[in-house]
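Got the viewer open? Let's take a short walk, one selection at a time.

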Amino acid sequence: MATKILLNNIEVPGLANFQVYRELGGYAAVEKAIKTLTPDELTDEVKKSGIRGRGGAGFPTGMKWGFIDKQSEKPRYLVCNYDESEPGTFKDRHLGQFNPHLLIEGMILGSYALGVKDAYIYIRGELFYVMKIIDKAIQEAYANGFLGDNILGTGYSLNLYCHPGGGAYICGEETALLESLEGKRGNPRIKPPFPAIVGLYGCPTVVNNVETIAALPWIVNNGSEAYAAIGVGNSKGTKLISACGHINKPGIYEIELGLPVEEFIYSDEYCGGIRNGNKLKAVVAGGSSVPILPAELILKTAAGEPRLMSYESLADGGFKTGTMLGSGGFIVMDHTTCIVKNLLTFARFYRHESCGQCSPCREGTSWMEKILMRIEGGQGTMKDIDLLVNIAKHVEGNTICPLGDAASWPVASAILHFREEFEEHVKLQKCPF
Amino acid sequence: MQENNKVPEFNKETLDLIAQLIKRYPEGRQKSALLPVLHIAQAENQGWLSPGMMDYVASLLQIEPIEVYEVASFYSIYNLKPVGNCVIEVCQTGPCWLKGAENIVAHFGSRLGIKPGETTADGKFTLKTVECLAACGTAPVIQVGTEYHENLTTEKVDQLLDQWKAENKISHKNPYL
């Protein structure tokens with residue numbers, strides 16, 4: 001069995017209640033950190049653990065914390081990115097719903113390390129019911145002296161608040177999230193300056209994903225070495241993988257990084273194989289934004305090595321034959337799936353979610369959707385396929401935020417690996433599925 | 001339906017809640033409460049944000065009306081046109097599509113006699129398609145107010161619709177209460 005850092009005890013009834021969480025050892029990490037570690041020592045522990053941002057980008061968390069402007073006399077902020085919206089990703093919803101105190105405990109630890117006095121959890125507006133569960137847990141944490149003034153008599157004070165979004169994928173981008181938290185449209189900011197220097201209300205700010213924050217209590221309790229001992233290469237610790245699509249057991253799984261992809265898909269401990277004994281066709285391994293891979297390339301790298309669930313192994317081969325771990329949103333498609341239609345739903349998603357600020361993304365996402373509708377609808381031409389590739393190439397890298405890349409990669413990779421299927425749509429003048 | 005010439009006014013309980021929400025942000029940053037307050041305002045206004053309601057929110061937060069309009073029109077949760085009592089939002093993104101979301105949309109459509117984006121003539125139901133609701137493992141998924149309904153089948157849709165019709169379901173309620 002893999003080490004359980006995030007899903008430990010998640011099935012215990014009533015875990016969302018303070019008493020139950022506390023009796024299972026909850027808030028011990030806060031006691032340990034606030035009483036025995038300085039903020040810098042705690043930051044060092046996080047650096048040494050090797051944990052990387054679990055929202056998708058995989059940036060080392062300790063390094064991100066290290067960028068915070070400590071010379072500034074302005075207040076500092078920690079903001080939890082709970083805007084989980086990447087298609088295929090549904091891990092944070094689960095974590096906050098069933099173990100809100102783990103997130104709160106992590107927020108206290110992060111805030112203490114960064115010298116934060118007011119912290120926010122920005123949660124997507126659709127998950128209002130989860131926010132209410134977290135809000136209730138926050139009230140319990142206040143009532144038990146883990147939030148508010150003079151926490152555990154140490155002189156450290158922290159306020160923690162939830163903030164609902166309004167329904168916008170783009171607010172998962174950290175600067176768009178900060179704009180949104182300030183009560184504005186979620187238009188990403190030009191970086192630099194990075195939020196660590198100019199963030200919320202112009203103050204030094206760190207934005208971390210729910211899963212990243214939720215791993216902090218374990219790291220404090222067990223030490224950075226124990227965390228770094230799990231995993232492979234520069235992929236340390238465990239990762240939540242939310243698996244969906246045509247598998248026998250969709251759900252949220254905590255894996256030790258380095259688990260073979262084949263085992264993850266076919267083992268009964270995880271996805272339990274493909275539904276109805278069908279053939280695996282393709283996988284989008286890290287949320288809709290990462291390149292799609294055909295069965296042979298998701299199970300083995302181009303060099304024939306077994307593919308592992310890790311940042312490095314999934315990226316092996318670059319864009320041509322690799323993909324990314326991303327958010328851990330693992331979308332599995334069997335042989336009955338029309339790749340063009342699936343891609344069309346993604347293209348529609350990105351067109352809908354583009355904030356409209358940059359022309360290449362605003363126009364390009366709309367063009368890509370229209371052309372895909374044409375091909376899927378049987379009115380496409382061979383030229384349309386190359387036109388799609390061309391548009392994707394011109395959107396990628398030409399926008400303020402990565403949404404342009406996220407919209408382009410699925411298109412470019414689907415045509416790279418499944419070109420014959422697009423051509424078949426054109427030849428038949430209809431969808432063959 | 002709200003009369004357009006009537007200036008809306010929240011009751012004391014709602015105003016107290018909004019005052020509490022504003023306190024979560026630093027002084028002078030009350031605009032930060034805009035998204036949370038719009039959730040409340042929409043619920044208090046039959047599920048949509050009329051110009052009059054948005055102006056009222058602007059006055060509560062001491063910001064310009066345009067600052068409310070530009071935000072309300074950006075985020076997909078806020079409806080700028082009247083909706084039915086019960087708004088049914090069906091996720092249609094890849095993972096839900098893989099598990100048959102199109103059948104769910106079609107079934108709601110044929111049961112209600114409307115297309116996505118439309119409201120039934122009696123004003124009871126609005127059908128919408130939405131993008132990823134972050135519940136892909138239990139696809140297909142719909143959202144109604146703050147409720148999620150997951151692992152949907154056409155039989156479950158029938159059950160839900162019968163239930164909602166019987167109870168005159170209203171999906172817009174102040175989500176904080």
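How much area is buried between domain 1 of chain A and domain 3 of chain A, and what share of it do carbon and sulfur atoms give? To find out, start by colouring chain A by domain, and keep in mind that you're looking at a predicted model. The domain assignment puts domain 1 at 18-224, domain 2 at 232-334 and domain 3 at 339-428.

**Stop 1: domain 1 against domain 3**

Select domains 1 and 3 of chain A. Their centres, taken over C-alpha atoms, sit 35 Å apart. Now show the residues where they meet: 12 residues of domain 1 are in contact with 11 residues of domain 3. And here's the answer to the opening question: about 880 Å² is buried between these two domains, with carbon and sulfur atoms giving 70% of it. On the domain 1 side, the residues touching domain 3 split into six nonpolar, three polar and three charged. Don't go hunting for salt bridges across this interface, since the count is zero. What you can look for is polar contacts, with two residue pairs found between the two domains.

**Stop 2: Asn99(A)**

Next, pick Asn99(A) and show it as sticks. You'll find it in the loop of chain A between α5 (91-98) and α6 (100-114). Is this residue buried or exposed? Asn99(A) is buried, because its relative accessible area is 3%, and the cut-off for buried is under 20%. To see what surrounds it, leave aside the neighbours within four places in sequence and select Asn8(A), Ile10(A), Leu15(A), Tyr21(A) and His94(A), which are in contact with Asn99(A).

**Stop 3: chain B on chain A**

Now bring chain B into view. The contact between the chains takes in 42 residues from chain B and 59 from chain A. Together the two chains bury about 4000 Å², 58% of it on carbon and sulfur atoms. Highlight Arg24(B), Phe74(B) and Leu98(B): this trio supplies 17% of the area that chain B buries against chain A, more than any other three residues.

Stay on Arg24(B) and add Asp135(A). These two form a salt bridge, with their closest N and O atoms 3.8 Å apart. The count between the chains is four salt bridges, and there are also 22 residue pairs in polar contact across the interface.

Last selection: α2 (34-43), α4 (65-72) and α5 (94-98) of chain B, each of which supplies at least two residues to the side touching chain A. By class, that side of chain B has 22 nonpolar, 11 polar and nine charged residues.

Key. Residues are numbered from 1 along each chain as its sequence is written. Chains are lettered from A and ligands numbered from 1 in the order in which they are written. This is a predicted model: local features need pLDDT of at least 70, side-chain atom pairs count only at pLDDT 80 or more; totals for chains, interfaces and linings use all residues. Side-chain values use heavy atoms; hydrogens and water are left out. Domain bounds come from an automatic or database domain assignment. Contact means heavy atoms within 4.5 Å. Buried area is the accessible area (1.4 Å probe) that two parts lose on being put together, summed over both. A salt bridge is a side-chain nitrogen of Lys or Arg within 4 Å of a carboxyl oxygen of Asp or Glu. A polar contact is a pair of N or O atoms within 3.5 Å; within protein, one must be able to donate a hydrogen and the other to accept it, and residues adjacent in sequence count only if both atoms are side-chain atoms. Ala, Val, Leu, Ile, Met, Phe, Trp, Tyr, Cys and Pro count as nonpolar, Asp, Glu, Lys and Arg as charged, and the others, Gly among them, as polar. Helices (H or I, at least four residues) and strands (E, at least two) are DSSP runs, numbered from the N terminus. Buried means under 20% relative accessible area, exposed over 50%, partly exposed in between (1.4 Å probe, protein chains only).
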